[in-house]
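User: I would like a close look at one part of this model. Please keep it brisk and work from the residue outwards.

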Amino acid sequence: MPLFQKAVFLTTVANLRDLPQDSVREVAFAGRSNAGKSSAINTLAGRVRLAFVSKTPGRTQHLNYFTLDEGKYFVDLPGYGYAKAPEAIRSQWEGLIGPYLSKRDQLAGLVVIMDIRRPMTDLDLRLIDWFRPTGRPIHILLSKSDKLSRQDQTKALRSVKAEVATWGDADLYSVQLFSSLKKAGVEEAERVLASWLEIEIKQKENKGPPDKGGPGAKMP
């Protein structure tokens with residue numbers, strides 16, 4: 001079962017003064033429009049339509065909050081780089097994202113979703129370069145990994161990791177492959193986000209045969 005299966009939509013925030021007051025820790029999700037951000041959130045929550053997957057890039061224009069546990073949230077940020085977004089909406093995005101990412105004390109880390117076929121675009125790097133001085137961790141999901149062969153997946157992963165290695169502070173930055181379609185990379189992402197949110201991951205039960213002479217062993 002997905003670690004974040006209890007996730008439920010809480011609220012849409014259009015103004016920073018309306019941010020949840022009871023928040024303890026938050027993880028924000030950012031990415032270029034159409035990079036697979038909403039699909040990644042849905043997959044991590046084990047839901048189909050928790051975060052709306054739109055055929056029209058740039059649809060998410062506010063901060064969408066999803067409750068995971070008491071005081072702990074996923075925050076879906078507006079997609080960036082959608083050229084056709086009206087100027088008023090673009091400035092609204094900037095008015096929300098900038099102050100939120102730089103001043104929200106409860107923000108534990110930023111997940112950046114990149115289409116594995118087009119990673120590290122100028123817009124991705126611009127956001128990351130802006131966020132890094134906050135000293136908070138960044139985890140990169142190379143989404144839609146199912147679109148590439150295993151060999152090309154490995155090549156893309158190595159390339160992005162090499163770029164990330166130039167940033168220094170190795171403990172703050174991590175990269176992984178991810179596929180919402182194939183549900184690949186979910187457990188790896190869960191481990192990272194659970195540590196940020198201080199959510200305990202329960203050990204899976206061992207369903208192997210009982211030890212000889214143990215409580216579940218058959219009597220001769």
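Why does Thr43 count as buried or exposed? Please give its surroundings too, then turn to the largest pocket.

Analyst: This is a predicted model. Thr43 counts as buried because its relative accessibility is 8%, and the cut-off for buried is under 20%.

Start with its place in the fold. Thr43 sits in helix α1, which covers residues 37-45.

Next, its polar partners. The Thr43 side chain reaches the backbone oxygen of Ser39 at 2.8 Å. The side chain of Thr43 also makes a polar contact with the side chain of Ser180, at 3.2 Å.

Ser180 appears again among the wider contacts. Leaving out residues up to four places away in sequence, Thr43 touches Phe178, Ser180, Lys183 and Val186. So the picture for this residue is a buried threonine at 8% relative accessibility, with a side chain that has polar partners in Ser39 and Ser180.

Now the pocket. The largest pocket has a volume of about 810 Å³. Its lining counts 22 residues, and those closest to the pocket centre are Met1, Pro2, Leu3, Ile201 and Lys202. Two elements give two or more residues to this lining: β3 (63-69) and α5 (186-197). Helix α5 gives the most, with four residues.

What classes of residue make up the lining of the largest pocket? There are 11 charged residues, nine nonpolar and two polar.

Methods:
Residues are numbered from 1 along each chain as its sequence is written. This is a predicted model: local features need pLDDT of at least 70, side-chain atom pairs count only at pLDDT 80 or more; totals for chains, interfaces and linings use all residues. Side-chain values use heavy atoms; hydrogens and water are left out. On a 1 Å grid over the protein atoms alone, a cavity is a set of points where a 1.4 Å probe fits but cannot get out, and a pocket is an open set with protein on both sides within 12 Å along at least five of seven lines; lining residues have an atom within 4 Å of a point. Grid points are joined across faces, edges and corners, and a volume is the space filled by probe spheres set on the points. Ala, Val, Leu, Ile, Met, Phe, Trp, Tyr, Cys and Pro count as nonpolar, Asp, Glu, Lys and Arg as charged, and the others, Gly among them, as polar. Buried means under 20% relative accessible area, exposed over 50%, partly exposed in between (1.4 Å probe, protein chains only). A polar contact is a pair of N or O atoms within 3.5 Å; within protein, one must be able to donate a hydrogen and the other to accept it, and residues adjacent in sequence count only if both atoms are side-chain atoms. Contact means heavy atoms within 4.5 Å.
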